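Biologist: I should like a close look at a single part of this model. Please describe one strand, its pairing partners and its surroundings in a connected account.

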Amino acid sequence: MSSVSGEIRCRAGATPHEEVALLKESGLVTLLGPTEHGGGGQEWPLAYRVIREVAAGDGSIGQLLGYHLLWFWAARLVGTPEQIEAVEAEATRDRWFFGGAVNPRDTDVVIRDAGDHISYSGRKSFSTGSKVSDVTVLEGVLEGTDTHVFAIVPSAQPGITFHDDWDNLGQRLTESGSVTISDVQVPWEAAAGFRDRVFTPRVYNTLNVPTIQLVFVSFYLGIARGALEEAAEYTRTHARPWLHGGQDRAVDEPYQLDLYGDLGAKLWAVEAFADRVADEALPIHRAPAAVTERQRGEHEVRVAAVKARATEVALEVTSRVFEGLGARSTTTELGFDRFWRNVRTHTLHDPVAYKRREVGAYLLRDEIPEPTWYS
């Protein structure tokens, strides 16, 4: 995608129905789905790399795909075996696109027990995927308890109202506005992981945080690579050498060679680190019943480390590429700033200092993070 076309789409801010349709047609939405139902049958390491590729072309669509894959996988995270089989079969066959109304910092959506079903009501500040989703993952707390309940519901229904209030600095096409939920009813048997209205927790249920953090890492690195590749092309074809530099071409300028060499080396290093951490999680995902608290905690520390490095390198790359572009590249039409705006917007999701603290506590005190919504 050229910088100009990317900026036009970003500024338009239209609901990305066509982009999601392309994801469906390509088979990417069913990448993790079972092969017997037409899915790709792939695992998370490949999914993370696919998210990176998509985000290199468009950070918003990379995020949408990443969140979709997370919620597609959520049945496996917390569901019963019967629920996992049913959800993955139907979602794969019908190519559902998932959204999620799950924001732990909001006052929780209240769930009322109505006998044979439960009813969700409340509001969430963010619902990524909203109007392009076929189904939405809801989360709330059962009234009078501290029990959280997840469920998958159709997005197009009277009880769900998506608001057009996502008007942020970056990631403008992610459909991440707020949502109002009004008496959305779900049969008890569809409450994820519940049997006879009782949820039996296991360590694997807490893999949601390290997994989604690796999704974040993936589209941060993808956006950074998109910025670096587009900047390099512009430098090759449009940038002029400095008139006092003694070079005939911008690509022969020593400072240009140093800049791109520095940024490329840093980005490649973090990409390799991200791939390594993703591979380290395979034994956990392949044997979910066997994962221990220690194994989960050590994995989260590694995720925290790569999240910190990915945040830093993505912000650096998307900012410093301007040094190799020149003043003419700052025109609004080209929109090179969208890469930085996209990364800056989402990297504020949770403070990266707390990720570094997890790493430090592990190295100095042999402490593993306690599972929370953010660790």
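Modeller: In this predicted model, a convenient place to begin is one bridge: Val 109 is paired with Gly 140, a residue of strand S4. That bridge belongs to the pairing of strand S2 (residues 109-113) with S4, in which three bridges join the two strands and the direction is parallel.

S4 itself covers residues 135-142. A further parallel partner is strand S1 (residues 98-101), which is joined to S4 by four bridges. Within that pairing, Gly 100 has Val 137 of S4 as its bridge partner.

Val 137 also takes part in a bridge to strand S5, where its partner is Ile 152. The pairing of S4 with S5 (residues 148-154) is antiparallel and extends over seven bridges. S4 and S5 form a hairpin with five residues between the strands, and in this hairpin Gly 144 adopts a positive phi near 80°.

The surroundings of S4 can be described by burial, for which the cut-off is a relative accessible area under 20%. Eight of the eight residues of S4 are buried, and the strand is therefore largely enclosed by the rest of the structure.

To draw the account together, S4 has parallel pairings with S1 and with S2, and an antiparallel pairing with S5. Val 137 is the bridge partner of Gly 100 and of Ile 152, while Gly 140 is the bridge partner of Val 109.

Terms used. Residues are numbered from 1 along each chain as its sequence is written. This is a predicted model: local features need pLDDT of at least 70, side-chain atom pairs count only at pLDDT 80 or more; totals for chains, interfaces and linings use all residues. Side-chain values use heavy atoms; hydrogens and water are left out. Buried means under 20% relative accessible area, exposed over 50%, partly exposed in between (1.4 Å probe, protein chains only). Two strands pair if DSSP finds at least two bridges between them.
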